[in-house]
Amino acid sequence: MREDQYVSVGDINTRFRAAGDSDKTVILLHGLGDSLETWIYNLDALAAHFRVYAVDLVGYGRSDKPPADYSGEYFAQFVSAFLETQGIQRCTLVGHSMGGGVSVRFAVRFPGKVDKLVLEGSAGFGREISIFLRLATLPPAGEWFFRPSRKLVTRILKRCVYDPDRITGDLVERVYQMLALPGAKHAILSTLRTSCNLWGTRREALHPVLDHLSSLPMPTLILWGGQDRVLPLAHARVAERKIPNARLHILDSCGHATHLECPETFNSIVLEFLLNKDP
């Protein structure tokens, strides 16, 4: 993968990687507890056709982790400020899980800045989430769940895939090292507790986006693993129904992280969508 670069986004020292020389820009946004390395199988494939940025969201990876409330609006404003540092006026957003939820909120907030949306196993389309995430919203359960350990990381990652053999020792070590960084646990728990509770996604976090999906003008690709155990496939149907110019593609024998588990298929579907000139 490409070399790390850093830029000040306001007062947040932000890590990103970039590749490709097209005048069309794609931004890759990772999920909860993850980092830009999650796109290791996707960045170069997309960069053959686009200028692609993989970004560590504020609080994640090796970006700064301020003691903030990590709300959807906080992330959306951060993405907007990052685009300004790079002189990007418009882009396509590709978001996985939490990153999908951030992408949708950004598109609702700044529709004129988004060419297309790719939402992979995206948050933001329903209250139902896994019991593990709901329990983690409770103190001190969340603090105990997210104590850095390789055993915990292995268990979480295996819930994100259909085929557990996709979870290698190298992947476990990479995620573990990121979770062990100072401030990482606070960012994860704040993200969860700002948007979720024991009953699932909070209504006050869900409806400011869900109620405006019908106004989204941009072409949208919804990708979902047929065996997703983190966010239910029913959420994909909600997104398909509510977003006017949306198409849904379900990847069989894939879990929550299709870009990681089925990268060749993921890359092919995304490129076909992005290179399609039809409105």
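The lining of the largest cavity in this predicted model is a mixed one, its residues dividing into five nonpolar, three polar and two charged. The residues in question are Gly33, Asp34, Gly59, Tyr60, Gly61, Lys65, Met178, Leu179, Ala184 and Ile188. Two helices, α7 (169-179) and α8 (184-195), are the elements that give two or more residues to this lining. The space inside comes to about 50 Å³, and the count of cavities of 30 Å³ or more stands at three. As a reminder, rolling a probe the size of a water molecule over the atoms shows where empty space is left.

One of the lining residues, Asp34, also serves as a handy reference point for Val238. The two are 204 residues apart along the chain, and their C-alpha atoms are separated by 25 Å. Val238 sits in helix α10, which covers residues 233-242. With a relative accessibility of 15%, Val238 falls under the 20% cut-off and therefore counts as buried.

On the outside of the model, there is a nonpolar patch to look at. Ile131, Leu135, Leu138, Leu198 and Trp199 make up this surface patch, and together they have about 470 Å² of accessible area. Leu135 belongs to helix α4, residues 131-136. Its relative accessibility is 31%, so Leu135 is classed as partly exposed.

Then there are the charged pairs. Side chains of opposite charge can pair when their charged atoms come close. Here the tally is 13 salt bridges. One of them pairs Asp44 with Arg2, with 3.0 Å between the closest N and O atoms. This pair ties together distant parts of the chain, since Asp44 is in helix α1 (residues 43-47) while Arg2 is in the segment before β1 (5-9), 42 residues apart. Both ends of the bridge get the label partly exposed: Asp44 because its relative accessibility is 41%, and Arg2 because its value is 38%.

The segment before β1 turns up again in a salt bridge between Asp4 and Arg17, where N and O are 2.5 Å apart. Asp4 is in that segment and Arg17 is in strand β2 (residues 12-19), so to speak a link between distant parts of the chain, with 13 residues from one partner to the other. Is each partner of this bridge buried or partly exposed? Arg17 is buried, because its relative accessible area is just 11%, whereas Asp4, at 31% relative accessibility, counts as partly exposed.

A further bridge involves Glu143 and Arg193, whose side chains meet at 2.9 Å, N to O. Once more the pair connects distant parts of the chain: Glu143 is in helix α5 (residues 141-145) and Arg193 is in helix α8, 50 residues apart. Glu143 has a relative accessibility of 29% and so counts as partly exposed. The label for Arg193 is also partly exposed, because its relative accessibility is 23%. Elsewhere, salt bridges that share partners join Asp4, Arg15, Arg17, Glu37 and Asp56 into one network. The Arg17 and Asp4 bridge thus has both of its residues among the members of that network.

The backbone has a few oddities as well. The peptide bond running from Pro139 to Pro140 is cis, its omega being near 0°. Pro140 is located in the loop between α4 and α5. Helix α4 is the one that holds Leu135 of the nonpolar patch, and helix α5 is the one that holds Glu143.

Which residues other than glycine have a positive phi near 55°? Ser97 is one of them, with phi near 55°, and Ser253 is another, also with phi near 55°. Ser97 lies in the loop between β5 (91-96) and α3 (98-109). Ser253, for its part, is in the loop between β10 (246-251) and α11 (258-261). Their surroundings are described by accessibility: Ser97 is classed as buried because its relative accessible area is 11%, while Ser253 is classed as partly exposed because its value is 36%.

Methods:
Residues numbered from 1 in each chain as written. Predicted model: local features only at pLDDT ≥ 70, side-chain atom pairs only at ≥ 80, totals over all residues. Heavy atoms only, no water. 1 Å grid on protein atoms, 1.4 Å probe; cavity = no way out; pocket = protein on both sides within 12 Å on 5 of 7 lines; lining within 4 Å. Points joined across faces, edges and corners; volume = space filled by probe spheres on them. Helix = DSSP H or I, 4+ residues; strand = E, 2+ residues; numbered from the N terminus. Nonpolar A, V, L, I, M, F, W, Y, C, P; charged D, E, K, R; others polar. Patch = residues over 30% accessible without salt bridge, like charges linked within 9 Å, V, L, I, M, F, W, Y side chains within 5 Å. Areas by Shrake-Rupley, 256 points an atom, 1.4 Å probe, with all protein chains shown as cover. Salt bridge = Lys/Arg side-chain N within 4 Å of Asp/Glu carboxyl O. Buried < 20%, exposed > 50% of the residue type's maximum accessible area, 1.4 Å probe, protein only.
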